[in-house]
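Before setting up any calculation on a protein model, it helps to go through its cysteines, its unusual backbone angles and its charged pairs. The report below does this for one structure.

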Amino acid sequence: MKIFDASSIVCLLREANFPKAFEICKKHGYDLSVTKQVYEELEKNPETFRLFKVCKGFSVIDNVDEQCLSKISKRYPWLHEGEISVICAGIEKEQSGDSYRCIIDERARQLKSKYGIKVNGTIGLLLWQKEKLNELTSVECNEIYNSIKCSSFWIKEDILKELLR
């Protein structure tokens, strides 16, 4: 299972214009999910939500532990509700022994070792698809790099350049 935060979905659908990343995950047997909180964030932007709805196969996790949400939001007030919900969903999956990976960017990714959850950023997901699954071509990686580089979406240059190696 891949549990996506809104920022990753925005990056892949709007900035990189690469919905194929979701199809690759499904092709290799991964379920795609968002939390209820992420779904509600996506709904707030009609253009993004329209693109998201075209991507079939996402389930919505609507039972994220409220105590976890409250605890993490108090401890890390700079995180938004969607990021917090993805972290809590990851904690629950980890504790239950389920196979999962949280796809989340920014500072929330730094909490992976604190909570012992499996996390990748958006570029990490794409690199996995390129290097481990052999699903992305160099041409696609160049196009993704250029699209993100020219967008308002910010990813550290050294991380983004990994797509070009």
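What follows takes up the disulfide and the free cysteines, then two asparagines, then the salt bridges.

The model is a predicted one, and a search of the whole of it finds one disulfide. This bond joins cysteine 68 to cysteine 88, with an S to S distance of 2.2 Å. The pair links distant parts of the chain, since cysteine 68 belongs to helix 5 (residues 66-75) and cysteine 88 to helix 6 (residues 81-96), 20 residues apart. Because the torsion about the S-S bond of cysteine 68 and cysteine 88 is about -90°, the disulfide is left-handed. Both cysteine 68 and cysteine 88 are buried.

Cysteine 25, by contrast, is in no disulfide, the nearest cysteine sulfur, that of cysteine 55, being 11 Å away. With a relative accessibility of 0%, cysteine 25 counts as buried. For cysteine 102, the closest cysteine sulfur is that of cysteine 88, and the separation of 9.8 Å is too far for a bond; cysteine 102 also counts as buried, at 1% relative accessibility.

Turning to the backbone, most residues other than glycine have a negative phi. Asparagine 17, although not a glycine, has a positive phi of about 50°, and this residue is found in the loop between helix 1 (6-15) and helix 2 (20-27). Its relative accessibility of 58% means that asparagine 17 counts as exposed. Asparagine 134 likewise has a positive phi, near 55°, and lies in the loop between helix 8 (122-131) and helix 9 (138-149). Asparagine 134 is exposed, with a relative accessible area of 64%.

Nine salt bridges are found in a search of the whole structure, among them the three in this table.

| Salt bridge | Closest N to O distance |
|---|---|
| Lysine 26 and glutamate 23 | 3.0 Å |
| Lysine 118 and glutamate 94 | 3.2 Å |
| Glutamate 157 and lysine 149 | 2.6 Å |

Lysine 26 and glutamate 23 both lie in helix 2, three residues apart, which is about one turn of the helix. Lysine 26 counts as partly exposed at 26% relative accessibility, and glutamate 23 as partly exposed at 42%.

Lysine 118 and glutamate 94 form a salt bridge that links distant parts of the chain, with lysine 118 in the loop between helix 7 (112-115) and strand 5 (119-120) and glutamate 94 in helix 6, 24 residues apart. Lysine 118 is partly exposed, with a relative accessible area of 32%, and glutamate 94 is partly exposed at 31%.

Glutamate 157 is partly exposed at 27% relative accessible area, and lysine 149 is partly exposed at 45%. Elsewhere, salt bridges that share partners join Glu131, Glu162 and Arg165 into one network.

Definitions and conventions. Residues are numbered from 1 along each chain as its sequence is written. This is a predicted model: local features need pLDDT of at least 70, side-chain atom pairs count only at pLDDT 80 or more; totals for chains, interfaces and linings use all residues. Side-chain values use heavy atoms; hydrogens and water are left out. A disulfide is a pair of cysteine sulfur atoms within 2.5 Å. Helices (H or I, at least four residues) and strands (E, at least two) are DSSP runs, numbered from the N terminus. Buried means under 20% relative accessible area, exposed over 50%, partly exposed in between (1.4 Å probe, protein chains only). A salt bridge is a side-chain nitrogen of Lys or Arg within 4 Å of a carboxyl oxygen of Asp or Glu.
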